[in-house]
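Student: I'd like to take a close look at one part of this protein. Could you walk me through it slowly?

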Amino acid sequence: MGSEIIQFHNCFILREGKIIKEDLWTCDGKIVDPEPIFFDQKDYADIKIDCEGLMIAPGFIDVQVNGGFGVDFSRDSETIEEGLKVVAKGLLAYGTTSFCPTLVTSSPEFYHQVVGKIKKTPGSSEGAEILGIHVEGPFINNDKKGAHDLQFIHKFTNGANSIKEVYGKNWRNISMITLAPELENSTEVIKHLTSNGVTVSLGHSMGSLIQGEEAVRNGASFITHLFNAMLPFHHRDPGLIGLLASSKIPPGKTVYYGIIADGIHTHPAALRIAYKTHPKGLVLVTDAMSALGLEPGQYKLGYQDVDVKENCAVLTGTTTLCGAIASMDKCVRHLKRATDCSTVEALEAATLHPASALGLQDRKGSLLFGRDADFVILDHDLNVISTWIASKKVYQNPAAVELTSRRITKL
């Protein structure tokens, strides 16, 4: 094959909805089928790695990361490139191999300055892959702004043209937009965005179920942090939450929903209701803010002051939650504990589902042949042992023993 073939053996792998005892083979940063190597090319591995009975899962994908390790993407505009590197590197310790840097509601001037600087970037030993920006706002409902700054909230005054006006000429660096579907001209905007490959997510909204269904028919396919910053469930109009059980979703279409499984943003009972209602749409997100990976204290989210106490981040002087500080591996473990879902379901909520929500399932989110060799090696309690991007180890848990690797001498 002209490049190094690596065989990971003595392992369990997540493939096609099952955890199976099978070797994982990679070459040129991709997962490969070993059969042609044996039978067509009469070849075998260059490097053999003994995984000692551990589990290999696709790398975690986080579509909502506001920052971390002291970096706030919505504030540090002058140093955004350096900040991206810090967060991308830090996320590797949690098994996250790709992510969407997320900007909260900000001024058009800020977007014009920053959106062009956040480019899609391949993953490497320097950090997780950047899949494009998630802009959470500013096209949201004032009454469900949560921690977003009221002065920067916008309407679609000029329809689809509002997108370029607000985000600037580099708006195609955006992969996901959270908006409120009840805003005037939202139908035109949703059609424009989805036709340009942007995932439209519904959130920070007072929208009814009917408005949500209309948005989905026009191309929306995601719900931002379910239960948070939306109308509470009501039996006569379940609001956006009702999309999980709607009979009016177009055939063959899946509505995905982000959920912060940190034990704070979503009660375990609410998590169980969502999971049991629509397990195939569940996407774990961290909604991580700048305090991720750091001690409790005072931080910023955009222009807002934030107090971090123990496991919780709130706007200073209030009880309003604003981002989270739980890592993706913790969210995977909490989801499994809280819902009693299978290990496969917990892992797919952080891998296959977010990849599918972004339309990347042919490249990311699974260990099928031809996919990117981005994966995480876990123990059977789902703790991260090591993280790999393009079949190269980019993080080793210092508390874990390194796996045995040996180079095969070929005759």
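Student: Which residues of helix 5 (residues 186-195) are buried?

Tutor: Happy to help! Keep in mind that this is a predicted model. The buried residues of helix 5 are S186, V189, I190 and L193. Seen around the axis, they cover an arc of only 100°, so they sit on the same side of helix 5. Now look at what lies over them: the cover for these buried residues includes helix 4 (161-167) and strand 14 (174-179), along with strand 15 (199-202) and helix 6 (209-217). Just past the helix, have a look at the backbone too: helix 5 is followed by G197, which has a positive phi, near 80°.

For a second example, try helix 7, which spans residues 268-277. Here A270, L271, A274 and Y275 are buried. Their arc around the axis is only 135°, which means that they lie on the same side of helix 7. Turn to the other side of helix 7 and you will find I273 and K276, which are exposed. The buried residues of helix 7 pack against strand 17 (256-259), strand 18, helix 8 (328-339) and helix 9 (343-348).

Strand 18 leads us to one more stop. In the loop between strand 18 (282-284) and strand 19 (297-301) you will find D287. An unreviewed UniProt entry places the feature "active site" at D287. With a relative accessible area of 5%, D287 is buried. Leaving aside its neighbours within four places in sequence, D287 is in contact with Q64, N66, E136, H225, I260, G323 and A324.

Definitions and conventions:
Residues are numbered from 1 along each chain as its sequence is written. This is a predicted model: local features need pLDDT of at least 70, side-chain atom pairs count only at pLDDT 80 or more; totals for chains, interfaces and linings use all residues. Side-chain values use heavy atoms; hydrogens and water are left out. UniProt positions are given in the numbering used here, feature names are shortened, and annotations may be inferred rather than shown by experiment. Helices (H or I, at least four residues) and strands (E, at least two) are DSSP runs, numbered from the N terminus. Buried means under 20% relative accessible area, exposed over 50%, partly exposed in between (1.4 Å probe, protein chains only). Contact means heavy atoms within 4.5 Å. The arc is that of the directions from the helix axis to the C-beta atoms.
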